[in-house]
Amino acid sequence: MTEIILVADDDEDVREAIVLELQNAGYETMELNTGERVLTTAIETQPAAIVLDLAMPVVTGYEALLALKENPATAGIPVIIASAQRGSGVVNTVRDLGAINFLLKPWQEDELVTL
């Protein structure tokens with residue numbers, strides 16, 4: 001069975017680039033264009049990992065990450081943050097919230113699948 005990666009990013013071009021890279025590496029993907037359904041979708045599908053943007057409207061990536069890590073059903077799912085927000089403060093914050101890694105946009109080809 002192929003592992004499913006949940007990708008949540010409000011930028012369609014970025015989301016498609018992430019999905020393409022993951023699919024080329026042999027993963028199945030699910031896509032969300034907002035942070036609002038990240039938690040419920042993760043509970044329903046139990047993906048192998050989640051790639052999450054920080055700067056999304058309504059429910060930010062920070063809020064979605066916090067909700068994921070506070071819920072026992074999703075706390076163990078690895079979350080990779082993919083964001084254009086820079087600085088060690090951002091990286092430290094998302095790691096403190098439970099993200100396993102941080103991918104700075106724009107990233108190099110195949111950088112995502114090596115995380």
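1. In this note, helices are DSSP runs of H or I with at least four residues, and they are numbered from the N terminus. By that naming, Ile-18 belongs to helix H1, which covers residues 12-24. The model under review is a predicted one.

2. Ile-18 has a relative accessible area of 1%. Because buried means under 20% relative accessible area, Ile-18 counts as buried. Its C-alpha atom and that of Gly-98 are separated by 21 Å, and the two residues stand 80 residues apart along the chain.

3. The largest nonpolar core holds 20 residues. Within this core, the residues that touch the most other members are Val-38, Ile-50, Leu-52 and Ile-81. Three helices each give two or more residues to the core, namely H2 (38-45), H3 (61-70) and H4 (88-97). Strands S1 (4-8), S3 (49-52) and S4 (79-83) also each give two or more residues. A second core, separate from this one, has 11 residues, and Ile-18 is one of them. Val-7, Val-19 and Leu-22 are also included in that second core.

4. Ile-81 deserves a closer look. Apart from neighbours within four places in sequence, Ile-81 is in contact with Leu-52, Leu-54, Leu-65 and Val-94, and also with Ala-99, Asn-101, Phe-102 and Leu-103.

5. How do H2 and H3 pack, and at what angle? The angle is about 35 degrees, and the helix axes are 9 Å apart. The crossing of H2 past H3 is right-handed. On the H2 side, Val-38, Leu-39 and Ala-42 take part, and they meet Ala-64, Ala-67 and Leu-68 of H3. By class, this contact comprises 6 nonpolar residues, with no polar and no charged ones.

6. Thr-74 is situated in the loop between H3 and S4. Is this residue buried or exposed? Thr-74 counts as buried, because its relative accessibility is 0%. A polar atom of the Thr-74 side chain lies 2.6 Å from the backbone oxygen of Leu-68. Leaving aside neighbours within four places in sequence, Thr-74 is in contact with several residues, among them Leu-39, Ala-42, Ala-67 and Leu-68. Those four residues also appear in the meeting of H2 with H3. The contacts of Thr-74 further include Ile-43, Gln-46 and Lys-69.

7. Ser-83 is placed in strand S4. With a relative accessible area of 1%, Ser-83 is buried. Its side chain reaches the backbone nitrogen of Gln-85 at 3.0 Å. When residues up to four places away in sequence are not counted, Ser-83 touches Asp-53 and Leu-54, and also Phe-102, Leu-103, Leu-104 and Lys-105.

8. Two backbone angles merit attention. Most residues other than glycine have a negative phi. Gln-46, which is not a glycine, has a positive phi of about 45 degrees. Val-58 also has a positive phi, near 70 degrees.

9. Where do these two residues lie? Gln-46 is in the loop between H2 and S3, whereas Val-58 is in the loop between S3 and H3. Gln-46 counts as partly exposed, because its relative accessibility is 42%. Val-58 has a relative accessible area of 65% and is therefore exposed, since the class begins over 50%.

Methods. Residues numbered from 1 in each chain as written. Heavy atoms only, no water. Core = buried A, V, L, I, M, F, W, Y, C linked by side-chain atoms within 4.5 Å. Buried < 20%, exposed > 50% of the residue type's maximum accessible area, 1.4 Å probe, protein only. Contact = heavy atoms within 4.5 Å. Axes fitted to C-alpha atoms, helices over the stretch in contact; angles between N-to-C directions. Left-handed = near helix turned anticlockwise from the far one by under 90°. Nonpolar A, V, L, I, M, F, W, Y, C, P; charged D, E, K, R; others polar. Polar contact = N/O pair within 3.5 Å; in protein donor to acceptor, adjacent residues only side chain to side chain.
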